[in-house]
Amino acid sequence: MSLMNDVLHFDDNTGVLKCQSGCILENLENLVNDKGYTVPVDLGAKGSCQIGGNISTNAGGLRFVRYGSLHGNVLGLKAVLPSGEVLDCMNTMRKNNTGYDLKHLFIGSEGTLGIVTEAAILCYPRSSETAVAFLGCNSFEDVLSCARVIRQKLTGLLSSLEMLDDPAADTLKDNLKINVPISKHPFYVLVEISGSDSEFNEKKLNECLTLLMEKNHVNDGTIATELSRIKALWSIRERITEALLQEGCGYKYDISLPLTHFYKIVEVMRERLGQKVTRCVAYGHLGDGNLHFNATTRTFDPEVLALIEPFIYEYTSERKGSISAEHGIGYKKTKYLHFNKTPEAINLMKSMKALMDPHGILNPYKVLP
């Protein structure tokens, strides 16, 4: 049986990669890196996840703030329809304004309308020099101020802007013996910049951090430019999920909120859950408003689940956020889809599903209520 993991072509002139859907993301990254390019999506699970799954779920990832979503970076694809017909939309042109852009039906539809088998992905010139800063803030207001200054002062260099709270850092320390490299703070911000000139990168980053210190938005911080130290700082952000697995039963939520409401939901949930949980932690993609809220109990507690759902989705919807920022709807969130989609939108989605998959054979019970 074919693994469908062949790289079909890479164009050095345009950075367009054509590959089959079974290719492992990290393998694609290594391949295009050798050509001086980078894949526009980067996930903690890149060592095992497949590009077809990334496309079908419109995976976000760590560098969304720089490269955007797969909706913007998949130029074309092939998909097998429920009828067995192969739809060939393998366009490789960045500009192609020829009627309905059918590939978007399959990006993020979680395999309910067709199965992606091949894709043409726009890759970007790889920045040869990277620097990472890990910063400590005393309040979430300081985190927001920090983010505003970083966006303004590091325009064109910023490749990632992440955050975690101190309870998340404590989880790393308690379960994985990983300590943050600066003094203890309520909040931490991780900033990554990348460009072609290491001296210029470091100069701009130092200027930005000096300004943040002067304005008292940041109280402590460290900069890494060597690969080993960069990886060590990134492990603090990337291994939180692994640390939480040690806690027992996890209640995991992937939402997006306007930054003014970004952390308030965590404070509300802590008060709501109280001593019924062992942890309430938050981390996420500060650069694009995607918050990962996690609570844990030693064993599954239906009372805790009832306190979280549907409250967290109602709260998010009322503030015009998304109940699923980057991990899709699957089958667990179908009954909450109405918090983000109007009845008219849901009906149109159902009509599209009925038209393309009248017998409901592709990923039944997923996405649609």
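This section describes strand pairing and burial in a predicted model.

Strand β10 spans residues 187–195, and nine of its nine residues are buried, so the strand is largely enclosed by the rest of the structure. In a regular strand, side chains alternate between the two faces of the sheet. Both faces of β10 are covered. On one side, Phe 187, Val 189, Val 191, Ile 193 and Gly 195 are buried; on the other, Tyr 188, Leu 190, Glu 192 and Ser 194 are likewise buried. Burial here denotes a relative accessible area under 20%.

Two strands were identified as antiparallel partners of β10. Strand β8, comprising residues 129–137, pairs with β10 over nine bridges in the antiparallel sense. Within this pairing, Leu 135 has Val 189 of β10 as its bridge partner, and Val 189 belongs to the buried set on one side of the strand. Strand β9, formed by residues 158–165, is joined to β10 through seven bridges, again in the antiparallel sense. Here Ser 160 is matched with Glu 192 of β10, a residue that is buried on the other side from Val 189.

A five-stranded sheet was also found. This sheet is open, with the strand order β1-β2-β6-β4-β5 and antiparallel pairing. Its edges are formed by β1 (7–10) and β5 (86–89), each of which pairs on one side only. From one strand to the next, the twist averages 10 degrees. Within the sheet, β2 (residues 16–20) and β6 (residues 115–122) run antiparallel and are joined by five bridges. Lys 18 has Ala 120 of β6 as its bridge partner.

Notes: Residues numbered from 1 in each chain as written. Predicted model: local features only at pLDDT ≥ 70, side-chain atom pairs only at ≥ 80, totals over all residues. Heavy atoms only, no water. Buried < 20%, exposed > 50% of the residue type's maximum accessible area, 1.4 Å probe, protein only. Helix = DSSP H or I, 4+ residues; strand = E, 2+ residues; numbered from the N terminus. Pairing = 2+ DSSP bridges. Axes fitted to C-alpha atoms, helices over the stretch in contact; angles between N-to-C directions.
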